[in-house]
Amino acid sequence: MATAKFKSHFHAPHGHKLFRTNSSNLANDKPIDEEQKQKEKNFIACFECNGPPLSPSQIAENPRSKEVGVASKQLRVGDFELIKTIGTGTFARVWLSRLAGSPKEGQKVFALKILRKVDIIRLKQVEHIKNERNTLSAVAGHPFITTMITSFSDRDCLYMLLDYCPGGEVFTYLRRARRFDEDTSRFYGAEIVLILEFLHDMKGIAYRDLKPENILLDSEGHLKLVDFGFAKEISNRETYTLCGTPEYLAPEVIRNSGHGTAVDWWAFGILIYEFLVGQPPFWNQNPMKIYELIIEGKVKYPQWMSSNARDLIGSLCTVNPSQRLGNISSAGVNGTALVKSHPFFETIDWDALYHRRIKSPIIPKVKHAADASNFDNYDPPSESQSGYSKDMAQKYDHEFKDF
């Protein structure tokens, strides 16, 4: 088993999978294997995500051969203490949590994402949720992607247990600073390049929702990409789904002419611009005007921006994806390698960065493991929520078999 990244004093016997798969137990109508559950809880209690990273090829192995990212059919939400809400969405709520019944002092904490089946179905998000869970399973172990430790389900909800990033959103730090200096933008931009290199070149996955709000900081200030609801494995094919955030949409998405992983490189150029300037290059209160500006593709740069930064952004924000940096190859060098060799990144030691040996320019203020002060406060969940009916279960439970 590939476990080098996860410093744990608890290991499964050789050939034994900690999280057994049993897709028939969706409604939890079978007896729980208490011995197996305890093994899984022991693994979670000893889980550590900030150890030496696995290599990209180790991460890309069959997800079922890894200890992390595999579904549990024994765990229940009652096995966790829900401490505080740290994020909400239209059909999901993320809780800071810890294993129930353990001493609070020194106890590891996690982010438990809870998704209500009835809302997923009502909002027609079934495919997105399946994509998110399966993508997170496939990429579990990357140093700059949130790690899904396990997933599970009950009659009403789906659950994803993720590593907790106490630093909060990069978006918050950017708004506080108004804009990042070039060194900070380069550091975080380079970590994103390593993410896109893995997703595109190793897994054929387009992320499709790159923006500051989807980037969290861990306790050491390294970033973690979260929210893989729009991620899709497309390899060399094209897809036509309109998804993403208006300011970050690539021209080919707006035109609905078919898109691939090149959309992430466009969004990466927008992100670097927003890091450096404090706002995206194409902005208007009217979303339709934003789309017109994007299709026109004329980026206006402030005079103080360096020539290397201008060239990088301009090469990434190229309207024609066949000419876009990151999506083109030259003399046998693939697109990502060309991005990494751009003069803007000439000071980056890519191997040292991947192995987290370079100190982050932002170190979050974190007082203790369960500190949630870098996240907003949220209202408690509503009590008046419609239930997941028996008819719904018969019709949709097979869709959630991977949880």
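Let us start at Lys113, which lies in strand E4 (residues 110-116). Helices (H or I, at least four residues) and strands (E, at least two) are DSSP runs, numbered from the N terminus. The model is predicted, so local features need pLDDT of at least 70 and side-chain atom pairs count only at pLDDT 80 or more, while totals for chains, interfaces and linings use all residues. Residues are numbered from 1 along each chain as its sequence is written, and side-chain values use heavy atoms, with hydrogens and water left out.

Is Lys113 buried or exposed? Its relative accessibility is 12%, so Lys113 counts as buried. Here buried means under 20% relative accessible area, exposed means over 50%, and partly exposed is in between (1.4 Å probe, protein chains only). UniProt, in an unreviewed entry, lists Lys113 for "binding site". UniProt positions are given in the numbering used here, feature names are shortened, and annotations may be inferred rather than shown by experiment.

Now look around this lysine. Leaving out residues up to four places away in sequence, Lys113 touches Ala92, Arg93, Val94, Glu132, Leu158, Tyr159, Met160, Leu162 and Asp227; contact means heavy atoms within 4.5 Å. With Glu132 there is also a polar contact of 2.9 Å between the side chains. A polar contact is a pair of N or O atoms within 3.5 Å; within protein, one must be able to donate a hydrogen and the other to accept it, and residues adjacent in sequence count only if both atoms are side-chain atoms.

Two of the residues touching Lys113 are worth a visit, and Asp227 is one of them. Asp227 is found in the loop between strand E10 (223-225) and strand E11 (232-233). With a relative accessible area of 33%, Asp227 is partly exposed. Its phi is near 60 degrees, a positive value in a residue other than glycine. Arg356 also has a phi near 60 degrees, positive in a residue other than glycine. Arg356 is in the loop between helix H12 (350-354) and H13, and at 13% relative accessibility it counts as buried.

Tyr159, also touched by Lys113, leads us to the aromatic rings. A pair of aromatic rings is described by the distance of the centres and the angle of the planes. Rings of Phe, Tyr and Trp (its six-membered ring) pair if their centres lie within 6.5 Å; planes under 30 degrees apart count as stacked, over 60 as edge-to-face and the rest as tilted. A search of the whole structure finds twelve aromatic pairs. Why is the pair of Phe152 and Tyr159 called stacked? The ring centres of Phe152 and Tyr159 are 4.7 Å apart and the planes are at 10 degrees, so the pair is stacked. Phe152 is buried at 0% relative accessibility, and Tyr159 is buried with a relative accessible area of 3%. Phe345 and Trp350, by contrast, form an edge-to-face pair, 5.6 Å centre to centre with 65 degrees between the planes. Both Phe345 and Trp350 are buried, and they belong to one aromatic cluster with Trp265, Phe268 and Phe344.

Rings can have charged partners too. The charged end of Arg176 sits over the ring of Tyr173, 5.2 Å from its centre, and Arg179 lies over the face of Trp304, at 4.0 Å from the ring centre. A charge sits over a ring if NZ of Lys or CZ of Arg is within 6 Å of the ring centre and within 35 degrees of the ring normal.

Next comes the interior. A nonpolar core is a set of buried Ala, Val, Leu, Ile, Met, Phe, Trp, Tyr and Cys residues joined through side-chain atoms within 4.5 Å. The largest such core has 92 residues, and those with the most contacts inside it are Ile192, Leu199, Phe268, Phe275 and Phe345. Helix H8 (residues 262-277) gives the largest share of this core, eleven residues. Apart from this core lies another, of 17 residues, among them Phe80, Leu99, Leu112 and Tyr159.

Finally, step back to the whole protein. Its secondary structure comes to 13 helices and eleven strands. Buried residues make up 55% of the 403 residues. Of the contacts with a separation of 6 or more, 71% are between residues 24 or more positions apart. As an example of distant positions brought together, the C-alpha atoms of Asp402 and Phe152 are 250 residues apart along the chain and separated by 8.5 Å.
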